[in-house]
Amino acid sequence: MQQVNRLLTTNGGGSPLSNVVATYWSDAFSVGLVLALAFTLLALRRALRRERELARTDELTGIENRRAFYELTDREIRRVARYGKAFTVACFDIDDFKAVNDQYGHAAGDAVLRLAADTAKQTIRASDAVARLGGDEFAILLHETTPAASETVIRKLRMAIQRLVQVNGRRMTVSFGAVTCLEAPETVQALVSAADQLLYAAKRAGKNRARHRVLAAPPSPRAQGQMPLAC
């Protein structure tokens with residue numbers, strides 16, 4: 001009983017019980033503050049991640065944009081320089097796309113772009129990438145893909161778009177320019193430019209077709225006459 005009385009007796013610095021209560025609330029406040037800061041940091045991290053995703057995503061189609069594609073391709077170039085694995089970059093656009101906008105309006109044109117993007121994403125492997133570079137031009141990155149395998153993927157994609165992408169009963173077609181790298185190119189820009197040139201060659205040849213080249217190592221003295229960049 002005397003011990004209880006001592007606990008309840010006010011002392012100069014406050015009773016032991018009040019000190020315990022004060023310490024408890026102080027600790028609880030500190031824990032609450034830490035938790036609040038943790039949740040705030042988590043929310044900020046998620047917001048930043050979302051901002052980064054938006055900066056790498058094409059607003060119209062939901063696939064990756066030019067910036068994201070260049071970053072992915074740059075990493076692939078460094079990987080092939082280190083491990084020597086082949087990969088392919090292909091650019092394609094929709095034949096006579098301007099006529100769709102002119103005849104049916106931009107809403108129809110946007111629908112064509114979205115459907116082409118979805119078709120490409122569903123056709124390639126999940127480990128590969130498809131991006132919209134701008135306008136009606138797209139690009140795909142095929143990891144560890146030989147020239148023959150790349151041609152198979154491109155053929156499947158051309159057929160899929162022609163089958164699935166239609167405007168008022170009119171089947172849309174695409175033209176491709178592709179480069180398979182057996183060695184690392186100098187820059188992403190040089191690689192995309194080479195694929196673009198092949199795309200334009202396919203257009204000039206009559207559209208709805210593909211042009212494909214292989215970037216190989218420089219020829220050895222025994223293999224003179226072979227070009228480093230061969231059809």
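Leaving aside neighbours within four places in sequence, F138 is in contact with I63, A90, C91, F92, I94, L113, A116, A117, A131, R132 and L133. That is a good way into this predicted model, since F138 sits among the residues that touch the most other members of the largest nonpolar core. The others in that group are F92, I94, V112, I140, L157 and F176, and the core as a whole counts 25 residues. Two or more residues come from each of β2, α4, α5, β4, α6 and β7. Helix α5 gives the largest share, five residues. In soluble globular proteins, nonpolar side chains tend to be buried together. Apart from this core lies another one, with 22 residues, including F69, F87, C181 and L198.

Given its share of the core, α5 deserves a look of its own. The helix takes in residues 106-123, 18 residues in total, and from first C-alpha to last it reaches 25 Å, close to the 26 Å expected at 1.5 Å a residue. Its buried residues are G109, V112, L113, A116, A117, T119 and A120. Looking down the helix axis, these buried residues of α5 fall within an arc of 165 degrees, so they line one face. An α-helix has 3.6 residues a turn, so residues three or four places apart point the same way. On the face of α5 turned away from the buried side sit the exposed residues A107 and Q122. As for what the buried residues of α5 pack against, the partners are β2 (87-94), α4 (97-104), β3 (129-134), β4 (137-142), α6 (147-164) and β5 (166-167). Three of the α5 residues, L113, A116 and A117, turn up again in the contacts of F138.

Over in strand β7 (residues 174-181) there is T180, a buried threonine with a relative accessible area of 0%. Its side chain makes a polar contact of 2.7 Å with the side chain of T88. Beyond its neighbours within four places in sequence, T180 is in contact with F87, T88, T145, T146, P147, S150, H212, R213, V214 and L215. One of these, F87, is a member of the 22-residue core.

The cysteines round things off. C181 is buried, its relative accessible area being 0%, and C181 also belongs to the core of 22 residues. For C91 the relative accessible area is 0% too, so this residue counts as buried; C91 is one of the contacts of F138. A search of the whole structure turns up zero disulfides.

Notes. Residues numbered from 1 in each chain as written. Predicted model: local features only at pLDDT ≥ 70, side-chain atom pairs only at ≥ 80, totals over all residues. Heavy atoms only, no water. Helix = DSSP H or I, 4+ residues; strand = E, 2+ residues; numbered from the N terminus. Expected span 1.5 Å × (residues − 1). Buried < 20%, exposed > 50% of the residue type's maximum accessible area, 1.4 Å probe, protein only. Arc of directions from axis to C-beta. Contact = heavy atoms within 4.5 Å. Polar contact = N/O pair within 3.5 Å; in protein donor to acceptor, adjacent residues only side chain to side chain. Disulfide = S-S within 2.5 Å. Core = buried A, V, L, I, M, F, W, Y, C linked by side-chain atoms within 4.5 Å.
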